[in-house]
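Got your viewer open and a hand on the mouse? Let's take a walk through this chain together, one selection at a time.

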Amino acid sequence: MTGLWSQAGSVARSEPFGTRGEWRPTPQRAAVSRALTACDGFASAPALHAALTADGAEVGPATVYRTLHLPEASGQVDMVRDSDGEGLYRPRPANGHKRHLLCRRESKLMKMIVIVLRSSRSRPILSEVLPRSSPVRLPARLLPLTAAATASVLLTGCFSAASDADGSSEGESRRIRVAMMQPPRSGLSPLSDDAFKLSRWSTAETLVKLDADGDAEPALATEWEQSGRDWTFTVRDGVTFHDGTNLTAEAVVRSLTRAATASPKPRILDGVDLTAKADGNKVTVTTAEEDPLVPQRLSSPQLAILAAKAYEGKTVNPVGAGTGPFELTKVNGTSSATLDRYDDYWGGEAKAPGIDVRFVPDGTARAAALRSGEADIVEAVPVSQAAVLDQDLITEVPMPRTNTLYLNTEKGVFKDASLRAAAREAIDAKTIVDGVYEGRADVAEGLLGPALPWAADLRKPVQARAKAGDPAGKTITVGTFTDRAELPEVAATLQQQLQKAGFEVKLDVREYANIESDALAGEFDAFVLSRATVLDSGDPAAYLYSDFGSEGSFNIPQLADPAVDEALDKASAEKTGDTRREAIVEAEAAVLATDAAVPMLHERVIQGDAAGVTGAAHDPRERELVTIDTQVK
């Protein structure tokens with residue numbers, strides 16, 4: 001493996017990393033540990049994966065990253081970032097503890113500085129800050145500085161000058177520094193998935209919002225009523241956009257019409273023909289067919305109501321065009337965004353003077369920002385990092401997302417219902433939760449998890465399932481993807497469990513973009529998928545129909561079962577409320593009776609809030625984050 005590693009010098013070691021009990025060893029993790037321990041100097045995760053692949057090891061790139069992250073955070077591995085921000089790793093030397101950091105804001109006074117930090121064992125460790133222009137290390141003796149004086153300046157300086165400059169008085173909140181996972185993909189257009197960022201920053205609002213059960217509540221509309229295909233909404237009085245113009249029924253119609261006629265349409269309007277008409281302070285929304293979910297659909301952040309100025313260009317521009325308690329004032333490409341308090345907000349004054357957002361795709365870097373005090377709120381803390389953070393700073397929120405094994409009912413081994421039952425009985429979900437997710441997920445009792453608390457109360461034991469047959473060494477291919485870091489490890493664990501039950505198992509792991517079409521075409525015997533169960537409307541009927549209806553657009557198990565279709569049609573037709581929820585749980589039971597899907601676990605989102613943060617939202621639907629009540633003291 002020589003030639004793949006950066007030239008960083010020899011390192012003396014006493015043991016491979018990962019042998020001190022911080023995480024459960026697996027064959028894949030052990031292979032990564034041995035490979036890195038054998039290296040002379042620093043190695044990048046892609047280079048390490050390439051070397052393992054060349055040596056014939058079946059270790060996915062996501063497993064390599066996850067294996068490196070936890071030891072790095074707990075002090076067993078040194079990490080340095082090169083000039084492009086790529087992480088380079090090596091086992092920590094037995095005779096010294098060094099940590100290397102890259103500051104992306106170059107000092108005007110010096111090209112390089114060296115600081116002293118303390119490791120998790122409270123021993124001093126020498127940390128070198130590498131300039132963006134070069135990854136070469138500076139000898140520590142050239143620039144000794146104290147930890148307290150330098151670390152504070154460095155870490156806060158790299159996040160946001162606006163936060164530092166805020167002049168909040170004693171007792172008042174300062175600006176909130178937020179580290180978010182995904183940068184904007186469509187310039188923060190509300191017609192894209194970027195809409196959820198606008199919602200989480202409380203800058204753009206919708207006609208209605210959802211309560212914990214997924215029922216509609218007033219927002220920019222105060223009330224509504226249905227008459228056949230028509231829904232009439234009363235627009236809230238006294239609301240102004242951030243540019244000072246008034247919210248009117250005509251403004252609502254403009255926003256909804258732009259969304260309904262967009263190409264492509266916002267996801268929430270897939271298959272829905274919608275028109276809107278203004279009459280005084282009321283807006284009538286009409287659909288081609290009677291739709292009991294119109295209010296829930298209008299709660300989607302992709303149907304936010306913006307000022308006329310947002311629609312003047314070729315793309316929708318939300319800067320200064322929302323109605324929320326914070327005004328979006330600046331967007332710096334895919335690196336940062338700035339929001340200021342909007343003093344004329346119809347719902348009162350926000351407690352914080354503003355929000356400074358950084359987009360930090362690297363999970364280790366987000367966790368480090370929370371640990372160092374560089375960020376106040378951090379979204380999507382990786383499971384591998386949660387264990388080494390102060391547990392008082394993190395909150396685990398059940399997500400409406402289920403990790404499921406889909407079984408191909410149309411062809412191949414699992415066309416036989418008895419072998420689908422054998423696969424179901426072979427799966428030990430608790431082992432996956434404890435081993436892969438470090439206990440930070442919930443074992444599934446059904447397709448719908450604890451983020452929908454009513455489902456557990458209504459669920460009954462599944463009836464009329466097939467009895468398990470004998471796999472007799474039959475070969476199956478299980479597919480999954482690398483984009484969600486845990487899934488390759490989940491697949492590897494399933495491989496062991498299914499082989500123990502008598503199947504021969506091959507794995508096919510790719511990037512999602514390269515595997516989705518084959519999965520939808522039924523090219524796999526089984527497929528491991530992490531799937532959102534409420535989609536945009538907050539209602540799981542659409543997910544169940546999409547994934548298990550005979551005409552569903554995401555029917556990976558190729559299921560065509562009349563009893564399932566009948567149950568899904570009944571659930572989709574019911575009005576919102578208890579009757580609809582009961583029908584949805586009955587449809588879930590009909591799906592589970594076929595063993596077309598084996599739900600394994602429900603994921604949790606892990607959010608980090610610094611010690612001084614109060615009022616931050618912990619929303620399983622990930623629509624809210626910073627609210628009117630969020631502050632930092």
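The tour below begins with the whole chain and then moves from stop to stop.

**The whole chain**

Before selecting anything, keep in mind that this is a predicted model. Colour the chain by secondary structure, and you can look for 18 helices and 25 strands. The chain has 633 residues, of which 54% count as buried. Now think about contacts between residues at least 6 apart in sequence: 68% of these join residues at least 24 apart.

**Stop one: Ser33**

Select residues 27–37 to show helix 1, then pick out Ser33, which lies in this helix. Is Ser33 buried or exposed? Ser33 counts as buried, because its relative accessibility is 6% or less, namely 5%, and the cut-off for buried is under 20%. Next, add Thr67 to your selection. Ser33 and Thr67 are 34 residues apart in sequence, yet their C-alpha atoms are 7.8 Å apart in space.

**Stop two: Ser299**

Move on to the loop between helix 8 (294–297) and strand 14 (326–332), where you will find Ser299. Ser299 has 4% relative accessibility, so this serine counts as buried. Show its side chain and follow where it points: it reaches the backbone oxygen of Gln296 at 2.6 Å. What else is in contact with Ser299, leaving aside its neighbours within four places in sequence? Select Thr206, Val208, Lys209, Leu210 and Arg623 to see these partners.

**Stop three: Ser530**

Now select strand 22, residues 526–532, and highlight Ser530 within this strand. With 6% relative accessibility, Ser530 is another residue that counts as buried. Show the side chains of Ser530 and Glu603: the two make a polar contact at 2.6 Å. Setting aside neighbours within four places in sequence, the contacts of Ser530 are Arg401, Thr402, Asn403, Arg484, Leu487 and Glu603.

**Stop four: helix 16**

Select residues 541–548, which form helix 16. How many of its eight residues are buried? Six are, so you can think of helix 16 as mostly covered. Colour Ala541, Tyr543, Leu544, Ser546, Asp547 and Phe548 to see the buried ones. As you look at the spacing, remember that an α-helix has 3.6 residues a turn, so residues three or four places apart point the same way.

What covers these buried residues? Try showing the following pieces, which are included in the cover:

- strand 18 (394–407) and strand 22 (526–532)
- helix 17 (562–573) and helix 18 (578–594)
- strand 23 (597–609)

**Stop five: helix 16 beside helix 17**

Keep helix 16 on screen and add helix 17. The two pack at an angle of about 155 degrees, with their axes 10 Å apart. That angle makes helix 16 roughly antiparallel to helix 17. The crossing between helix 16 and helix 17 is left-handed. To see the contact, show Ala541, Leu544, Tyr545 and Phe548 from helix 16 with Val564, Asp565, Leu568, Asp569 and Ser572 from helix 17. Coloured by type, the residues of this contact of helix 16 with helix 17 are six nonpolar, one polar and two charged.

**Stop six: helix 16 beside helix 18**

Swap helix 17 for helix 18. The axes of helix 16 and helix 18 come within 10 Å and cross at roughly 25 degrees. Helix 16 is therefore roughly parallel to helix 18. Here too, helix 16 passes helix 18 in a left-handed crossing. Show Ala541, Leu544 and Phe548 of helix 16 together with Arg580, Ile584, Ala587, Glu588 and Val591 of helix 18, which make the contact. In the contact of helix 16 with helix 18, six residues are nonpolar, none polar and two charged.

**Last stop: helix 17 beside helix 18**

Finish by hiding helix 16 and showing helix 17 with helix 18. Their axes come within 8 Å and cross at roughly 165 degrees, which means that helix 17 is roughly antiparallel to helix 18. This crossing of helix 17 and helix 18 is left-handed. On the helix 17 side, the residues to select include Ala563, Val564, Ala567 and Leu568; on the helix 18 side, they include Arg580, Ala583, Ile584 and Ala587. In full, the contact of helix 17 with helix 18 divides into eleven nonpolar, two polar and three charged residues.

How values were computed. Residues are numbered from 1 along each chain as its sequence is written. This is a predicted model: local features need pLDDT of at least 70, side-chain atom pairs count only at pLDDT 80 or more; totals for chains, interfaces and linings use all residues. Side-chain values use heavy atoms; hydrogens and water are left out. Buried means under 20% relative accessible area, exposed over 50%, partly exposed in between (1.4 Å probe, protein chains only). Helices (H or I, at least four residues) and strands (E, at least two) are DSSP runs, numbered from the N terminus. Contact means heavy atoms within 4.5 Å. A polar contact is a pair of N or O atoms within 3.5 Å; within protein, one must be able to donate a hydrogen and the other to accept it, and residues adjacent in sequence count only if both atoms are side-chain atoms. Axes are lines fitted to C-alpha atoms, for helices over the stretch in contact, and angles run from 0 to 180 degrees between N-to-C directions. Angles under 35 degrees count as roughly parallel, over 145 as roughly antiparallel, 65 to 115 as roughly perpendicular and the rest as oblique. A crossing is left-handed if the near helix is turned anticlockwise from the far one by less than a right angle, and right-handed if clockwise. Ala, Val, Leu, Ile, Met, Phe, Trp, Tyr, Cys and Pro count as nonpolar, Asp, Glu, Lys and Arg as charged, and the others, Gly among them, as polar.
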